[in-house]
Amino acid sequence: MGAIGKDRVGIRLSSFGVFNDMPLYDGMEADYTYLAQELDARGLVYIHLVDHSSMGAPPVPDAMKAIFRKLFKRTLILSGGYDAMRAESDLAAGKCDLIAVGRPFLANPDLVARWRNNAALNAPDMSTFYTPGLRGYTDYPALKK
């Protein structure tokens, strides 16, 4: 942080992600409570807390998200399976400062307009994500004007 300044450093955490052989364990809440306190003390500009339950991982409990909201005093970003209504609800409830969305934006470059107009979303084609070639990213249909 000394080289670029703490006001330019954030971290993305997947506390209940079980990628490869990452296990859930009994002390997770205590460990992540400590981590939230320490990251706040170091002045990071944001924490991006990812909930991969929409992709089959165990959900990050609301209590864990609330711990981060309480202990981390700067920008808290939540992500994971959000639609417009849930995003607005969590923001209005003060659960976080920002909502991050990935797959919906990849499949819907006009996502903001779709959410504003309650329009149907394109289904994401995961086989084209982060791969070379012409398919994906630019060939999803846009809303008709």
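**Notebook: glycine 43, the strands and the tail**

I began at glycine 43: leaving aside its neighbours within four places in sequence, this residue is in contact (heavy atoms within 4.5 Å) with Lys6 and Arg74. I noted the basis next: this is a predicted model, where local features need pLDDT of at least 70, side-chain atom pairs count only at pLDDT 80 or more, and totals for chains, interfaces and linings use all residues. Residues are numbered from 1 along each chain as its sequence is written, and side-chain values use heavy atoms, with hydrogens and water left out.

**Glycine 43**

Where does glycine 43 sit? I found it in the loop between α1 (28-41) and β2. Helices (H or I, at least four residues) and strands (E, at least two) are DSSP runs, numbered from the N terminus. I then checked whether glycine 43 is buried or exposed. Its relative accessible area is 12%, so it is buried. The cut-offs: buried is under 20% relative accessible area, exposed is over 50%, and partly exposed lies in between, with a 1.4 Å probe and protein chains only. I also took one distance. The C-alpha atoms of glycine 43 and tyrosine 25 are separated by 28 Å, and the two residues are 18 apart along the chain.

**Whole chain**

I listed the elements. The chain has five helices and four strands. Their order from the N terminus is β-α-β-α-β-α-β-α-α. The C-alpha atoms fill a box of roughly 50 × 35 × 35 Å along the principal axes. Of the 145 residues in the chain, 32% are buried. I looked at contacts with a separation of 6 or more: residues 24 or more positions apart account for 55% of them.

For the surface, I noted about 9,300 Å² exposed, with carbon and sulfur atoms supplying 58% of it. Areas come from the Shrake-Rupley method with a 1.4 Å probe; for residues, only the protein chains shown count as cover. For charge, I noted 17 positive and 16 negative, with mean positions 7 Å apart. Lys and Arg count as positive, Asp and Glu as negative; His and the chain ends are not counted. Each charge is placed at NZ of Lys, CZ of Arg, CG of Asp or CD of Glu.

**Strand β2**

Which strands pair with β2? Strand β1 (residues 10-13) pairs with β2 in the parallel sense over four bridges. Two strands pair if DSSP finds at least two bridges between them. Leucine 13 has leucine 49 in β2 as its bridge partner. On the β3 side, five bridges join β2 to strand β3 (residues 75-79), and these two also run parallel. There, isoleucine 47 stands opposite leucine 76 in β3.

I checked burial as well. Strand β2 (residues 46-50) has four of its five residues buried, so it is largely enclosed by the rest of the structure. I then traced the connection: β2, helix α2 (residues 62-71) and β3 make a right-handed β-α-β unit. Right-handed means that, with the strands pointing away from the viewer, the path from the first strand over the helix to the second runs clockwise.

**Strand β3**

In β3, threonine 75 is the bridge partner of tyrosine 46. Three bridges join β3 to strand β4 (residues 98-100), and the two run parallel. Isoleucine 77 stands opposite leucine 98 in β4. The chain crosses from β3 through helix α3 (residues 84-92) to β4, and this β-α-β crossover is right-handed. Four of the five residues of β3 are buried, so β3 is largely enclosed by the rest of the structure.

**After α5**

I moved on to threonine 128, in the segment after α5 (111-116). What is its relative accessible area? The value is 4%, so threonine 128 is buried. Not counting residues up to four places away in sequence, threonine 128 touches Arg135, Gly136, Tyr137 and Tyr140.

Then I looked up backbone angles. Most residues other than glycine have a negative phi. Asparagine 118 is not a glycine, yet its phi is positive, about 50°. Asparagine 118 lies in the segment after α5. Its relative accessibility is 73%, so asparagine 118 counts as exposed. Tyrosine 130, a residue other than glycine, has a positive phi near 55°. Tyrosine 130 is placed in the segment after α5. At 70% relative accessibility, tyrosine 130 counts as exposed.
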